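Me: I've got a protein model open and I'd like to learn how to read its empty spaces and its cysteines. Can you walk me through it?

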Amino acid sequence: MLYFEKSQPAPACLEAEKLRKNGDYKCGDVILRLADDFKNKCYICEAKEPTDINVEHFRPHKDKDIDLKFDWNNLFFACSRCNRTKGTQEDLLDCTNKLEDPELRLKIVYQVSTKSVQIVVKEGSVKAQNTAELLQTIYNGTTPLQKLNAANLRKSIDAEIQNFTRLLQKYLLNRHLSEKANQLVLEKIADHLSKSSNFAGFKRWIIRDNEELYKVLKAYLD
Ligand SMILES: [Zn+2]
């Protein structure tokens with residue numbers, strides 16, 4: 001899970017829809033603005049260009065709290081599976097609040113050898129713990145159905161990480177060559193490390209966890 005800045009001001013239609021009976025919080029340009037702010041990625045599982053997009057309420061409105069239902073700052077971009085799994089859970093890290101930047105509070109690791117995901121809590125707050133538990137369920141599952149869904153999700157992560165790892169190996173092997181010769185590989189690595197990339201959180205932690213790579217690539221983590 002990565003920090004994303006929410007664009008301001010709120011789409012104008014939200015205020016008007018809030019006053020209407022059965023108003024629609026997916027009005028006007030809400031969905032396009034969310035897709036742009038969250039780089040067309042589910043903020044929970046980090047899958048790029050999900051085909052089952054939901055407008056998710058970060059703080060649940062439970063059909064009672066009309067302010068929360070139409071509050072632009074409470075509308076997030078998620079895939080339907082993550083939206084359903086999160087449900088009405090509260091007290092999670094807010095990935096649009098720089099002060100709660102989840103990337104620095106939770107380390108997410110994909111183990112290629114065991115094809116599993118590990119979430120390491122770097123900061124012991126309740127929000128960090130709750131978010132880690134949610135991500136555990138998303139990436140590993142608890143019920144039989146969740147486990148199968150999670151295994152399918154991990155297949156996509158696996159392909160992405162293998163591809164990224166190959167690039168890193170190539171970069172390290174070619175480092176003795178001129179900067180120019182390695183430039184193309186470096187550009188591809190930079191794309192992978194950008195927050196808009198598929199499962200970028202996993203790739204960014206691979207760099208943080210490797211002293212040699214971190215030294216040369218940390219500029220791409222900003
Ligand atoms: Zn998702």
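Me: Let's start with the largest pocket. How much space lies in it?

Reply: Here's the general idea: rolling a probe the size of a water molecule over the atoms shows where empty space is left. This is a predicted model, and in it the largest pocket holds about 190 Å³ of space.

Me: Which residues line the largest pocket?

Reply: Among them are Cys45, Ala47, Pro50, Thr51 and Asp52. Further along the chain, the lining also includes Asn149, Leu153, Ser156, Asn198 and Phe199. Helix H7, residues 144–173, gives the most, with three residues. Sorted by class, the pocket lining has six nonpolar, four polar and two charged residues.

Me: Which domains does that lining draw on?

Reply: Domain 1 (13–99) and domain 2 (102–221) each supply at least three residues to the lining of the largest pocket.

Me: Okay, now cavities. How many of 30 Å³ or more does the structure hold?

Reply: Just one. About 40 Å³ of space lies in the largest cavity. Two or more lining residues come from each of helix H5 (102–105), strand S3 (106–111) and helix H9 (200–208). Met1, Leu2 and Trp205 are among the residues around the largest cavity. By class, you get seven nonpolar, one polar and one charged.

Me: What about disulfides? How many does a search of the whole structure find?

Reply: The trick is to check how far apart the cysteine sulfurs are: a pair counts when they're within 2.5 Å. The search finds one disulfide, and it joins Cys13 to Cys27, with 2.2 Å from S to S. Cys13 sits in helix H1 (residues 13–19) and Cys27 in the loop between H1 and helix H2 (30–37), so the bond ties together parts that are 14 residues apart in sequence. The torsion about the S-S bond is about 75°, so this disulfide is right-handed.

Me: Why doesn't Cys95 bond with Cys42?

Reply: Because the sulfur of Cys95 is 9.5 Å from the one in Cys42, its closest cysteine sulfur, and that's too far for a bond.

Me: Is Cys95 buried or exposed?

Reply: Buried means under 20% relative accessible area. Cys95 is at 0%, so it counts as buried. Cys42 is buried too, at 1%, and Cys27 is buried at 8%.

Me: Let me try a residue that isn't a cysteine. Where is Leu68 found?

Reply: Leu68 is in helix H3, residues 66–70. Its relative accessible area is 18%, so Leu68 is buried. Leaving aside neighbours within four places in sequence, Leu68 is in contact with His57, Arg59, Pro60, His61 and Asn74.

Definitions and conventions:
Residues numbered from 1 in each chain as written. Predicted model: local features only at pLDDT ≥ 70, side-chain atom pairs only at ≥ 80, totals over all residues. Heavy atoms only, no water. 1 Å grid on protein atoms, 1.4 Å probe; cavity = no way out; pocket = protein on both sides within 12 Å on 5 of 7 lines; lining within 4 Å. Points joined across faces, edges and corners; volume = space filled by probe spheres on them. Helix = DSSP H or I, 4+ residues; strand = E, 2+ residues; numbered from the N terminus. Nonpolar A, V, L, I, M, F, W, Y, C, P; charged D, E, K, R; others polar. Domains from an automatic or database assignment. Buried < 20%, exposed > 50% of the residue type's maximum accessible area, 1.4 Å probe, protein only. Contact = heavy atoms within 4.5 Å.
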